Amino acid sequence: MLHWLPAHAVHFPPVESALRDPDGLLAAGGALTPAWLLAAYRHGIFPWFGDDQPILWWSPDPRMVLVPGEIRVRRSLAKRLRNAGFTITANRAFEAVMTACAAPRDDQPGTWITDEMRTAYGQLHTLGAAHSVEVWRDDALVGGLYGIALGPVFFGESMFSRVPDASKVALVQLARVMAAGDGRLIDCQMHTGHLASLGARDIARREFIDYLDQWLGEPAHGRREAATNVPAPTWSFDMIGTAG
């Protein structure tokens, strides 16, 4: 049964009650306020819906994750990291990265990164919870990614490339900085071959939730409260451009 959430009280049902088909669909409704979004990520839940749909919340099983120290950098990618003339930054162009991620793609003409989503994650960026990694070449933005950073976890949302491997470069730099700064896990949400080629793997949803419970705990005012306190990431985004 799909749970319908009121907008006025921040509270999610147990993730174990999510549907098996479609995998991980947990609830509809609620709101895209910082309180709702931060509560969702703390408990292994994320929003994903189209313009013509209500807000839909998901917690798939299994969950694809990447341990930062296990990222796989093949020889061709390592060469591109060294010689392609990229400059990597963090949080310099958050809105531009979201806009680029929202652009239609050849295999996906629509987008789930709606105007409502862009506004909501822009608010999280202002709060210091949402972050972007940008890849530049000749002063042009050619790739990047964005997501939510809470304590030792980065919850990846989307990435884009305008030149070959630019999004991979962003992910590699993020993973290297996280590994050096006690970052534990990059949440990739759902399985893709692209991420698997970089070392991401599937784990059981229960294992993922146990990690979040251990590392993030409950907000200061409890699970049912609309708390917006943001645990600072354990690594420094300022180090993104210097990762070797």
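A residue is called buried when its relative accessible area is under 20%, exposed when it is over 50%, and partly exposed in between, using a 1.4 Å probe and protein chains only.

## Model and overall form

This is a predicted model, in which local features need pLDDT of at least 70 and side-chain atom pairs count only at pLDDT 80 or more, while totals for chains, interfaces and linings use all residues. Residues are numbered from 1 along each chain as its sequence is written, and side-chain values use heavy atoms, with hydrogens and water left out.

The chain contains 7 helices and 11 strands, these being DSSP runs numbered from the N terminus (H or I over at least four residues for helices, E over at least two for strands). Its C-alpha trace extends over about 50 × 35 × 35 Å along the principal axes. The radius of gyration is 17 Å, which agrees with the value near 18 Å that a compact globule of 244 residues would have; the C-alpha atoms are used here, and the globule rule is 2.2 Å times the number of residues to the power 0.38.

Buried residues make up 52% of the 244 in the chain. Among contacts (heavy atoms within 4.5 Å) with a separation of 6 or more, 73% join residues that are 24 or more positions apart.

## The nonpolar cores

A nonpolar core is a set of buried Ala, Val, Leu, Ile, Met, Phe, Trp, Tyr and Cys residues joined through side-chain atoms within 4.5 Å. The largest such core holds 55 residues, and those with the most contacts inside it are Trp 57, Tyr 121, Tyr 146, Ile 148 and Phe 155. Helix α1, covering residues 34-42, contributes the most to this core, with 7 residues. Another core, of 33 residues, lies apart from it and has Ile 71, Leu 81, Val 133 and Val 135 among its members.

## Phe 155 and Asp 187

Once residues up to four places away in sequence are set aside, Phe 155 is in contact with Tyr 41, Gly 147, Ile 148, Leu 150, Asp 187, Phe 208, Leu 212 and Leu 216. One of these partners, Asp 187, belongs to strand β10, which runs over residues 185-189. Asp 187 counts as buried because its relative accessibility is 0%.

With the sequence neighbours up to four places away again excluded, the residues touched by Asp 187 are Arg 63, Met 64, Phe 154, Phe 155, Gly 156 and Phe 208. Phe 154 precedes Asp 187 by 33 residues in sequence, yet their C-alpha atoms are 6.2 Å apart in space.

## Packing of helices α3 and α5

In helix α3 (94-102), the buried residues are Phe 94, Val 97, Met 98, Ala 100, Cys 101 and Ala 102. These buried residues pack against helix α4 (115-127) and against three strands, namely β7 (130-137), β8 (140-150) and β9 (153-161).

Helix α5 covers residues 166-180 and includes Ala 180, as well as Leu 171. Leu 171 is buried, because its relative accessibility is 4%, whereas Ala 180 is exposed, with a relative accessible area of 72%. Beyond its neighbours within four places in sequence, Leu 171 makes contact with Leu 66, Ile 71, Leu 145, Met 159, Ile 186, Leu 195 and Leu 198. The C-alpha atoms of Leu 171 and Leu 195 are 9.8 Å apart, across 24 residues of sequence; those of Ala 180 and Ala 196, 16 residues apart along the chain, are separated by 22 Å.

## Backbone details

Two cis peptide bonds may be examined in the model. One joins Asp 21 and Pro 22, with omega at about 0 degrees, and Pro 22 is placed in the loop between β1 (3-5) and β2 (25-29). The other leads from Asp 61 to Pro 62, with omega near 10 degrees, and Pro 62 is placed in the loop between β4 (56-58) and β5 (63-66).

Positive phi values also occur in residues other than glycine. Asn 91, with phi near 60 degrees, lies in the loop between β6 (87-90) and α3 and is partly exposed, at a relative accessible area of 28%. Gln 189 has a phi of about 70 degrees; this residue is part of strand β10 and is buried, with a relative accessible area of 10%.
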